[in-house]
Amino acid sequence: MATPSKNPFTWVEIYVEDISRAQKFYEAVLQIKMIPMQTPGGFGDLEMLSFPWAEGGANISGALCKTSEIKPGAGGTLVYFTSEDCGIEASRVTKSGGKIIQQKQPLSEHGFCSICMDTEGNIIGFHSSK
């Protein structure tokens with residue numbers, strides 16, 4: 001099997017019930033500013049707030065999405081956010097309304113990760129090399 005020449009992920013959507021509450025959570029935990037998105041026609045009641053991105057950057061981006069069509073919750077896709085030290089983001093989770101599922105732990109030669117629950121019931125991860 002050939003090694004991919006680039007990251008195979010392109011976009012992530014995290015579905016939420018309360019977009020304002022989720023925005024506050026992610027902005028506080030990741031220390032970022034979410035970007036309002038214009039939703040293209042034909043998508044019903046879809047509301048979106050984008051995570052910041054750098055065009056042509058090494059990592060992917062995505063958005064918080066609120067719609068009556070898809071609901072958030074545990075047991076679905078697990079998204080990992082990159083960080084300098086995943087313990088730092090995890091330390092902000094509880095005071096931002098979320099829950100720690102798994103504290104920072106080593107992944108052998110693959111770095112470290114923390115697993116948390118956001119304010120909407122989604123399970124998310126943070127990954128770092130140290």
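Trainee: What makes β5 and β8 a pair in this predicted model?

Mentor: Two strands count as paired once DSSP finds at least two bridges between them, and four bridges join β5 to strand β8, residues 123-128, with the two running parallel, so the criterion is met. Within this pair, Val79 stands opposite Ile124 in β8.

Trainee: How do you know which side chains of β5 point to which face?

Mentor: Along β5, residues 79-82, the side chains alternate: Val79 and Phe81 point to one face and are buried, whereas Tyr80 and Thr82 point to the other and are not. In a regular strand, side chains alternate between the two faces of the sheet.

Trainee: Why is Phe81 called buried?

Mentor: The term applies under 20% relative accessible area, and Phe81, at 13% relative accessibility, therefore counts as buried. Phe81 is found in strand β5, and, leaving aside its neighbours within four places in sequence, it is in contact with Ile14, Tyr26, Leu30, Phe51, Ile124, Gly125, Phe126 and His127.

Trainee: How far apart are Phe81 and Ser114 in sequence and in space?

Mentor: Phe81 and Ser114 are separated by 33 residues in sequence, and their C-alpha atoms lie 9.9 Å apart.

Trainee: Which strands form the open sheet, and what is the pairing?

Mentor: Four strands form the open sheet, in the order β1-β4-β3-β2, and the pairing is mixed. β1 and β4 pair in the parallel sense over five bridges, while four bridges join β3 to β4 in an antiparallel run, and two bridges join β2 to strand β3, residues 47-50, again antiparallel. Strands of a sheet pair through backbone hydrogen bonds, either parallel or antiparallel.

Trainee: What makes β1 and β2 edge strands?

Mentor: Strands β1, residues 11-15, and β2, residues 35-36, each pair on one side only. For β2, the two bridges to β3 stand against a criterion of at least two, so the pair qualifies; Pro36 of this region stands opposite Leu49 in β3.

Trainee: Which residues face each other across the pairs that involve β4?

Mentor: The bridge partner of Glu13 in β4 is Ala63, and Ala63 is also the bridge partner in β4 of Ser50. Met48, for its part, stands opposite Cys65 in β4.

Trainee: Why is β4 described as largely enclosed by the rest of the structure?

Mentor: Strand β4 covers residues 61-66, and five of its six residues are buried, so the strand is largely enclosed by the rest of the structure. For the protein chain as a whole, 38% of the 130 residues count as buried.

Trainee: What makes the phi angle of Gln31 worth a remark?

Mentor: Most residues other than glycine have a negative phi. Phi of Gln31, however, is near 55 degrees, a positive value in a residue other than glycine. Gln31 lies in the loop between α1, residues 19-30, and β2, and its relative accessible area of 55% stands over the 50% required, so Gln31 is called exposed.

Trainee: What is the phi of Ser108, and is the residue buried or exposed?

Mentor: Ser108 has a positive phi of about 50 degrees although it is not a glycine, and its place is in the loop between β6, residues 99-106, and β7, residues 112-117. With a relative accessible area of 58%, set against the cut-off of over 50%, Ser108 is therefore exposed.

Trainee: How many helices and strands does the protein chain have, and in which order do the elements run?

Mentor: The protein chain has two helices and eight strands, and from the N terminus on its elements run β-α-β-β-β-β-α-β-β-β.

Trainee: Why is the chain called as compact as a globular protein of that length?

Mentor: Its radius of gyration is 15 Å, close to the 14 Å that the globule rule gives for 130 residues, so the chain is as compact as a globular protein of that length. The C-alpha trace spans about 45 × 40 × 25 Å along its principal axes, and residues 24 or more positions apart account for 54% of the contacts with a separation of 6 or more.

Trainee: What does the surface of the chain consist of, and how are the charges placed?

Mentor: The accessible surface comes to about 8100 Å², of which 54% belongs to carbon and sulfur atoms. The chain has 11 positive and 14 negative side chains, and the centres of the two sets lie 6 Å apart.

Notes. Residues numbered from 1 in each chain as written. Predicted model: local features only at pLDDT ≥ 70, side-chain atom pairs only at ≥ 80, totals over all residues. Heavy atoms only, no water. Rg over C-alpha atoms; globule rule 2.2 N^0.38 Å. Buried < 20%, exposed > 50% of the residue type's maximum accessible area, 1.4 Å probe, protein only. Contact = heavy atoms within 4.5 Å. Areas by Shrake-Rupley, 256 points an atom, 1.4 Å probe, with all protein chains shown as cover. Lys, Arg positive; Asp, Glu negative; His and termini not counted. Charge placed at Lys NZ, Arg CZ, Asp CG, Glu CD.
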